[in-house]
Amino acid sequence: MIYIIQNYWQALLYSDGYQMTGVAMTLWLLTISCAIGFCLALPLSIARNAKNPVIWFPVWLYTFIFRGTPLLVQLLIVYTGLYSLDFVRNSPALNEFFRQGINCTIVAFALNTGAYTTEIFAGSIRETNFGEVDAARSFGMSQFTLYRRIILPSALRRALPVYSNEVILMLHSTTLAFTATVPDLLKVTKDAYSATYDPFDAFGLAALLYLCISFTLIFAFRKAEQHFLAFLKP
Amino acid sequence: MKKFLGLGAAALAVLVSAAPAAHAKTFTEIKFGVDPTYPPFESTTPSGDFTGFDIDLGRAICSTLHVKCVFVQQGFDGIIPALEARKFDAILSSMTVTPQRAQQIDFSSEMYNEPTSLIAKKGSGLVPTAASLKGKTVGVESGTIQESYANAYWKPAGVNVVSYPGQDQVYADLLSGRLDASLQDSVEADYGFLKTPKGTDYQLAGNVTYDPKDVLGSYIAIGIRKDEPALKAKIDYAIAKIIKNGTYKKIEAKYFNFSVY
């Protein structure tokens, strides 16, 4: 254990001297994919509840595909599959983008968490109290103002406990990143393991680090819930 | 625990066999312990015969010494204790010389060495030096000595070294064009990629020779009990002889298209 900490603490936490690795890489993947996923989910969850099938059907298809297939398969398709297509390799911008394992990983992770988040938000929007919508309409609010002032603030607050779950599941999913050669926390742990052949110390240390991250996330979401959901308290 | 078992077995073997080992024996046969799960070095044919590069070398050694060759099957993880327990006289199973193993048993002189080699697209002009690969992307398998090598010498010199979970993924990205070259065991490169239909556009770009920090480790040799210097001397003599009289080259050419010595 001491040997692993002495030799790998830097790589486990932030860098192997050449690139970002370990906890820093795991947190970066989590933050960027959840941020993109959130931005995707906000408009898509509204579209998911639209009455016009031309609008809701593509969104339904997207969430169905990304929730219906394993993330590992999605990652392999984005990393290995897309780059083997000629039009990707022949266009300089796409070639440059998909050449990097980290970009592929972020695309796959963001699309995956975006699909789950869309369904979480869509469900929450659907359950908005009709009285609130009625009251807003009687005030003469436009559809846009109605969503901006009434539906979205209330729906997002009510979605918070479920959404925090999704973020923590996403943290666990980042362990797949090394499939696309991204040196996340688990990859450094495997290096430490193959240097020492000491599975309990190496993976135990990784488990502790993941626990610390999870605990911080849970704590932050609990604080946010106390703040934003105070109005729902009995 | 394994170490203790090994030591225990060794101690037991010494106790039990102190008497017979005392008188000098003349060799009429050499029993080799082999783990035949590692083609092309050692494997068994469907009919149960031993075959492979190591086996051919062993037979050549025996015929040089005019003794009979016997091969005994033994799993690799228990092969040193079995040698100490006198189930056979020598280990012939692609065993790399390491300081830990050298504490327990003796080794013959070098049998062969699997060089680490770079493969790249034909005509790329890349060679396995930091200067040639600067700014290029090189793939390695995670956890191998080749990864340690690339990280030790090439990464600091500006080579983009990318680690992969498996060797097949390294080849996949070499084919897709993400990688300019890949670094691995030469035998693995030859059998796993260059000799397959997908490897036709690629070639061996050279073996790694520069290794002042000894990252890639030592050569492969025959393991012999420490109390049998006479056998070691005979095997060393036979290895030197088959190398000198061209038998070694002939056997090598049967399995590899590059030098493994």
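I counted helices and strands as DSSP runs, a helix needing at least four residues of H or I and a strand at least two of E. On that basis I found 10 helices and 13 strands in chain B. The model I am reading is a predicted one.

**Entry 1: the two chains**

I looked at chain A next and found 11 helices and zero strands. Reading along its sequence, I wrote the pattern down as α-α-α-α-α-α-α-α-α-α-α. The C-alpha atoms of chain A fill a box of roughly 70 × 50 × 25 Å along the principal axes. For chain B, the C-alpha trace spans about 65 × 40 × 35 Å along its own principal axes.

I then noted burial. Chain A has 234 residues, and 43% of them are buried. Chain B has 261 residues, and 48% of them count as buried.

I also noted surface. Chain A has an accessible surface of about 12,700 Å², with 69% of that belonging to carbon and sulfur atoms. For chain B the accessible surface is about 12,300 Å², and carbon and sulfur atoms hold 57% of it.

Last for this entry, I looked up contacts along the sequence. In chain A, 73% of the contacts with a separation of 6 or more are between residues 24 or more positions apart. In chain B, 70% of the contacts between residues at least 6 apart join residues at least 24 apart.

**Entry 2: domains of chain B**

I checked the domain assignment of chain B. Domain 1 is given as 2-113 + 219-255, and domain 2 as 116-207. I noted 33 Å between the C-alpha centres of domain 1 and domain 2 of chain B.

**Entry 3: helix α9 of chain B**

I wanted to know what span the 16 residues of helix α9 of chain B should have at 1.5 Å a residue. The helix covers residues 229-244, and the expected span is 22 Å; the end C-alpha atoms are 22 Å apart, so the two agree.

Which residues of α9(B) are buried? I listed B:L231, B:I235, B:A238, B:I239 and B:I242. They cover an arc of only 100° around the axis, so they sit on the same side of α9(B). On the other side of α9(B), I found B:P229 and B:K244 exposed.

I then looked for what covers the buried residues. The cover of α9(B) includes β1 (29-34), α2 (53-65), β6 (90-96), β13 (220-224) and α10 (247-255) of chain B. After α9(B) comes B:G246, and I noted that its phi is positive, near 90°.

**Entry 4: cysteines**

How many disulfides are there over all chains? The count comes to one. The disulfide joins B:C62 to B:C69, with S to S at 2.1 Å, inside the 2.5 Å cut-off for a pair of cysteine sulfur atoms. The torsion about the S-S bond of B:C62 and B:C69 is about 75°, so I entered the disulfide as right-handed.

I looked up the accessibility of both partners. B:C62 has 2% relative accessibility and therefore counts as buried. B:C69 has a relative accessible area of 22%, so I put it down as partly exposed.

In chain A, I found A:C39 in no disulfide; the nearest cysteine sulfur is that of A:C34, 11 Å away. A:C39 is exposed, with a relative accessible area of 54%. I also checked A:C212. Its closest cysteine sulfur is in A:C34 at 19 Å, which is too far for a bond.

**Entry 5: two residues of chain B**

I picked B:E84, which lies in helix α3 (residues 79-84) of chain B. Is B:E84 buried or exposed? B:E84 is buried, with a relative accessible area of 10%. I noted 9.0 Å between the C-alpha atoms of B:E84 and B:Q104, which are 20 residues apart along the chain.

I then turned to B:Y191, placed in helix α8 (residues 186-194) of chain B. Its relative accessible area is 36%, so B:Y191 is partly exposed. Leaving aside neighbours within four places in sequence, I found B:Y191 in contact with B:P40, B:T196, B:Y255 and B:F256. I also looked up B:Y191 against B:K249: they are 58 residues apart in sequence and 19 Å apart in space, C-alpha to C-alpha.

Notes: Residues are numbered from 1 along each chain as its sequence is written. Chains are lettered from A and ligands numbered from 1 in the order in which they are written. This is a predicted model: local features need pLDDT of at least 70, side-chain atom pairs count only at pLDDT 80 or more; totals for chains, interfaces and linings use all residues. Side-chain values use heavy atoms; hydrogens and water are left out. The expected span of a helix is 1.5 Å times one less than its number of residues. Buried means under 20% relative accessible area, exposed over 50%, partly exposed in between (1.4 Å probe, protein chains only). The arc is that of the directions from the helix axis to the C-beta atoms. Contact means heavy atoms within 4.5 Å. Domain bounds come from an automatic or database domain assignment. Accessible areas come from the Shrake-Rupley method with a 1.4 Å probe; for residues, only the protein chains shown count as cover.
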